[in-house]
Amino acid sequence: MLFQVGGEGTRPTFFEMAAAQQLPASLRAALTYSLGVFALRRSFLHKILDYEDEFFAALMLILEGHSLRTTDASFAESLYGLRRKSARLRLRKDSARKDSSEEVQHSGLEKRQRILSVVFLVVLPYFKSKLHAIYNKEREARLRESLWGTEDQGFDETDFFTGEESIVSREPSGNEELSVRVQLATKIKKFIAVCYPWIHASSEGLSFTYQLLYLLDATGFYSLGLQALGIQVCRATGQELMDTSSRISKIRNHERERLRGPPWLKTVQGALLSCSYAVLDYAQTGLIAAVFIFKMMEWWYQSAEERLSAPTVYPPPPPPPAPTMAKEGIPLPPNRSLCALCLQKRANPSVVTVSGFVFCYSCVFKYVTKYKRCPVTLIPASVDQIRRLFHDT
């Protein structure tokens, strides 16, 4: 089976579809970074960063709705010259061979498909982002509780399914309605935290399966959402690009003709409409430029940071595992500050290098001289492998 890596035909390559799918994430990263830089001098921009998901969802709702209305493609797909088309299967019968095969017929998008495309492109990613944020918050609370012993409740699968109640508020019992609301919110968060990993794993698994099948040319749908909507993404022809430009002009002229009122009011409304179109066009151009500039700066600074953060002196390797104590060897005393040979506090502590255990210098010197081994592990040793330990008292 051959992989399609060229640019011929109407079927987009896997790399074109992957690039179009990753563009919204790059756009969001560019906008978040830019707003973070501007917020250092303009504090009111922090309010936008506090509602980052809502702001980006509203922006993409405008862009995706406008793009699907005018070009029959998402904002990212239109940048790569791709178009969405309604796919219908039709059985084609061959009278000579007396067999039948399936043929895909493409047509323009319906209004229902445009609306559902906006849902799959904007609404579902927004809810996924919110669920991911709730899951991370509950996970951090659980981790903080396990590390520092705080009383913040995280999520626990057993607590949820066994129905054990947790302490959700330290307010007086007079406000029962608020307490019930807090308990309900806690239950919902627990449910999300328990179910989200499975939902995320299933979603990523289905996405990977469809992408692999698309790469192997086993299906014409790049994702489950496209197949559920009955939409295939195709490469736009030159005639379609020209038709898109004329369609945009017709839509704008039609909206200008729908203006009602006195002549002076029509003039004002037409000017405002033209300004809004100009702002929208410049916004699209600016967003595209922001994505490319962000990617270039990310590549530039990432390579510089890697060079700066490269360690000149590598850390020492981890110590080897502790040797096992022999059954016939001398047992260690409970108090590790005592010598295992004389059971007194170590005087002139010395270590046997073959095992790492510390004894009195005189005790271990006599033992090693006589038995030629470590007292604890019975590993062969000599007096040359005894080292004195010096430390400040």
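These legends describe close-up views of a predicted model.

**View 1. The whole chain has 11 helices and six strands.** The chain holds 393 residues, and 28% of them count as buried. Its accessible surface comes to about 27100 Å². Carbon and sulfur atoms account for 61% of that surface. Among contacts between residues at least 6 apart in sequence, 54% join residues at least 24 apart.

**View 2. Helices α1 and α3 cross at roughly 125°.** Helix α1 spans residues 14-38, and helix α3 spans residues 52-71. Their axes come within 11 Å. The two helices are therefore oblique to each other. The crossing of α1 past α3 is right-handed. From α1, the contact draws on Pro24, Leu27, Arg28, Leu31, Thr32 and Leu35. From α3, it draws on Glu52, Asp53, Phe55, Phe56, Leu59 and Met60.

**View 3. Asp53 sits in helix α3 and touches Arg28, Tyr126, Ser129 and Lys130.** That list of contacts leaves out residues up to four places away in sequence. Asp53 has a relative accessible area of 13%, so it counts as buried. Arg28 lies 25 residues from Asp53 along the chain. The C-alpha atoms of this pair are separated by 9.5 Å. Both residues also belong to the contact between α1 and α3, Arg28 on α1 and Asp53 on α3.

**View 4. Leu229 lies in helix α8 and touches Gln113, Leu116, Ser117 and Phe120.** Helix α8 covers residues 224-229. The contacts named exclude residues up to four places away in sequence. The relative accessibility of Leu229 is 7%, so this residue counts as buried. Leu229 and Phe120 are 109 residues apart in sequence. In space, they are 9.6 Å apart, C-alpha to C-alpha.

**View 5. Three strands form an open sheet in the order β5-β4-β6.** The pairing is antiparallel. Strands β5 and β6 are the edges, each pairing on one side only. Neighbouring strands are turned by 40° against each other on average, direction ignored. Three bridges join β4, residues 349-352, to β5, residues 358-360. Three bridges also join β4 to β6, residues 386-388.

**View 6. Residues of β4 stand opposite partners in β5 and β6.** Ser350 faces Phe359 in β5. Val351 stands opposite Val358 in β5. In β6, the bridge partner of Val351 is Arg387. Both faces of β4 are covered. Pro349 and Val351 are buried on one side. Ser350 and Val352 are buried on the other.

**View 7. A hairpin links β4 and β5, with five residues between the strands.** Within this hairpin, Gly356 takes a positive phi near 95°. The two strands that the hairpin connects run antiparallel.

**View 8. Helix α11 lies across β4, β5 and β6.** This helix spans residues 361-371. Helix α11 runs at about 100° to β5. The strands it lies across make up the open sheet of View 5, in which β4 is placed between β5 and β6.

**View 9. Leu343 and Asn348 both occupy the loop between α10 and β4.** Helix α10 covers 263-309. Leu343 has a positive phi of about 55°, although it is not a glycine. Asn348 is another residue other than glycine with a positive phi, near 50°. How exposed is each residue? Leu343 has 52% relative accessibility, so it counts as exposed. Asn348 has 45% relative accessibility, so it counts as partly exposed. The cut-off for exposed is over 50%, and partly exposed lies between that value and the buried limit of 20%.

Key. Residues numbered from 1 in each chain as written. Predicted model: local features only at pLDDT ≥ 70, side-chain atom pairs only at ≥ 80, totals over all residues. Heavy atoms only, no water. Buried < 20%, exposed > 50% of the residue type's maximum accessible area, 1.4 Å probe, protein only. Helix = DSSP H or I, 4+ residues; strand = E, 2+ residues; numbered from the N terminus. Pairing = 2+ DSSP bridges. Contact = heavy atoms within 4.5 Å. Areas by Shrake-Rupley, 256 points an atom, 1.4 Å probe, with all protein chains shown as cover. Axes fitted to C-alpha atoms, helices over the stretch in contact; angles between N-to-C directions. Parallel < 35°, antiparallel > 145°, perpendicular 65-115°, else oblique. Left-handed = near helix turned anticlockwise from the far one by under 90°.
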